[in-house]
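Please read the following walk through a predicted model with the coordinates open beside it.

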Amino acid sequence: MNQGRLYVFSGPSGAGKGTICSKLVEDGIADLSISMTTRECRPGEIPNQSYYFVSKEKFQETIDENGFLEWAEIYGNRYGTPKAPVLEKLAKGRDVILEIEMQGAMNVKKAYNDAVLIFVLPPNLKVLSDRLRGRGRDTEEQIQLRTKSVIEEIKKIVDYDYYIINGDLDVAVKDVEKLMSGEFKKIDNAAAQKIIKKYEEELQL
């Protein structure tokens with residue numbers, strides 16, 4: 001049986017990485033890694049499906065046993081990617097996808113060197129801003145600040161293996177499938193700098 005691959009998706013808020021991951025799982029292309037957290041289960045969430053909800057003691061025990069690919073504390077709650085379920089699925093030949101922020105992605109790469117890092121980009125900053133507005137979660141001022149901070153996030157693309165531009169969801173998912181079958185070229189420094197420059201120029205318009 002062939003070993004599965006671990007694909008780690010990151011990108012700015014509003015790039016659509018979560019939607020891409022959900023579609024890949026829905027289509028049976030890969031399994032989604034479920035995170036562990038110490039926070040309370042929220043309405044609509046399903047234990048062991050949305051998250052593994054555990055006590056602070058259990059989370060610390062998992063840290064002590066080196067049981068995470070990565071973990072972080074955010075606003076007083078801890079979140080982590082349990083190692084065992086991911087490695088078990090990979091051993092069974094299943095590809096696994098993980099949606100995570102950039103720092104976490106780097107930690108996953110350190111813990112599991114064979115992980116494939118994918119950076120999801122919006123087609124342009126206007127689309128990104130429109131998507132954030134469509135969520136209805138942020139004020140206009142917050143959206144403007146988020147959009148301006150995107151450049152610093154995009155600069156981290158140099159640490160990733162591949163990138164996907166998510167303008168049309170179906171096209172983006174097909175691109176990911178091509179990537180997983182080895183049809184995409186890896187990011188090199190020249191390509192990364194070209195991408196960064198594109199979004200920097202948009203921000204100045």
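Asn 66 has a relative accessibility of 53%, and because the threshold for exposed is over 50%, Asn 66 counts as exposed. Its backbone is also worth a look: phi of Asn 66 is positive, about 55°, although the residue is not a glycine. Asn 66 sits in the loop between helix 2 (56-64) and strand 5. A second asparagine can be described in like terms. Asn 48, a residue other than glycine, has a positive phi near 70°, and it lies in the loop between strand 3 and strand 4 (52-53). At 53% relative accessibility, Asn 48 counts as exposed.

Both loops lead into strands of one sheet. Strand 4, strand 3, strand 6 and strand 5 form an open sheet in the order 4-3-6-5, with mixed pairing. Strand 4 and strand 5 are at the edges with a single partner strand each, so one side of each has no neighbour in the sheet. Inside this sheet, strand 3 (residues 36-37) and strand 6 (residues 77-82) run antiparallel and are joined by two bridges. Met 36 has Gly 80 in strand 6 as its bridge partner. Strand 6 also runs antiparallel to strand 5 (residues 68-74), and six bridges join these two. Ile 74 is bridged to Asn 77 in strand 6. Strand 5 and strand 6 make a hairpin with two residues between the strands, and there Tyr 75 takes a positive phi near 50°.

The other sheet is built in another order. Five strands form an open sheet in the order 2-7-1-8-9, and the pairing is parallel. Strand 2 and strand 9 are the edge strands, each pairing on one side only. At the strand 2 edge, two bridges pair strand 2 with strand 7 in the parallel sense. Leu 32 stands opposite Ile 97 of strand 7. As a general point, the strands of a sheet pair through backbone hydrogen bonds, either parallel or antiparallel.

Which residues of helix 1 are buried? They are Lys 17, Ile 20, Cys 21 and Leu 24. Seen down the axis of helix 1, these buried residues fall within an arc of 95°, so they line one face of the helix. The buried residues of helix 1 pack against several strands of the five-stranded sheet, namely strand 1 (6-10), strand 2 (31-32), strand 7, strand 8 (116-121) and strand 9 (162-165), and also against helix 7 (169-180). After helix 1 comes Gly 28, whose phi is positive, near 75°.

Lys 17 leads on to the open space in the model. The largest pocket has a volume of about 1400 Å³. It is lined by 41 residues, and those closest to its centre are Lys 17, Tyr 51, Glu 99, Ile 100 and Glu 101. Lys 17 is thus named twice, among the buried residues of helix 1 and among the residues closest to the pocket centre. Several elements each supply at least two residues of the lining: helix 1 (17-26), strand 5, strand 6, strand 7 (96-99), helix 5 (125-135) and helix 6 (140-154). By class, this lining has 16 nonpolar, 13 polar and 12 charged residues.

Enclosed space can be treated next. How many cavities of 30 Å³ or more are there? The count is one cavity. The largest cavity has a volume of about 50 Å³. Its lining consists of Leu 32, Ser 33, Ile 34, Tyr 52, Pro 82, Pro 85, Val 86, Lys 89 and Val 96. Helix 3 (residues 83-91) gives the largest share of this lining, three residues. By class, the lining of the largest cavity divides into seven nonpolar residues, one polar and one charged. Leu 32 appears in this lining and is also the residue that stands opposite Ile 97 in strand 7.

Terms used
Residues numbered from 1 in each chain as written. Predicted model: local features only at pLDDT ≥ 70, side-chain atom pairs only at ≥ 80, totals over all residues. Heavy atoms only, no water. Pairing = 2+ DSSP bridges. Helix = DSSP H or I, 4+ residues; strand = E, 2+ residues; numbered from the N terminus. 1 Å grid on protein atoms, 1.4 Å probe; cavity = no way out; pocket = protein on both sides within 12 Å on 5 of 7 lines; lining within 4 Å. Points joined across faces, edges and corners; volume = space filled by probe spheres on them. Nonpolar A, V, L, I, M, F, W, Y, C, P; charged D, E, K, R; others polar. Buried < 20%, exposed > 50% of the residue type's maximum accessible area, 1.4 Å probe, protein only. Arc of directions from axis to C-beta. Contact = heavy atoms within 4.5 Å.
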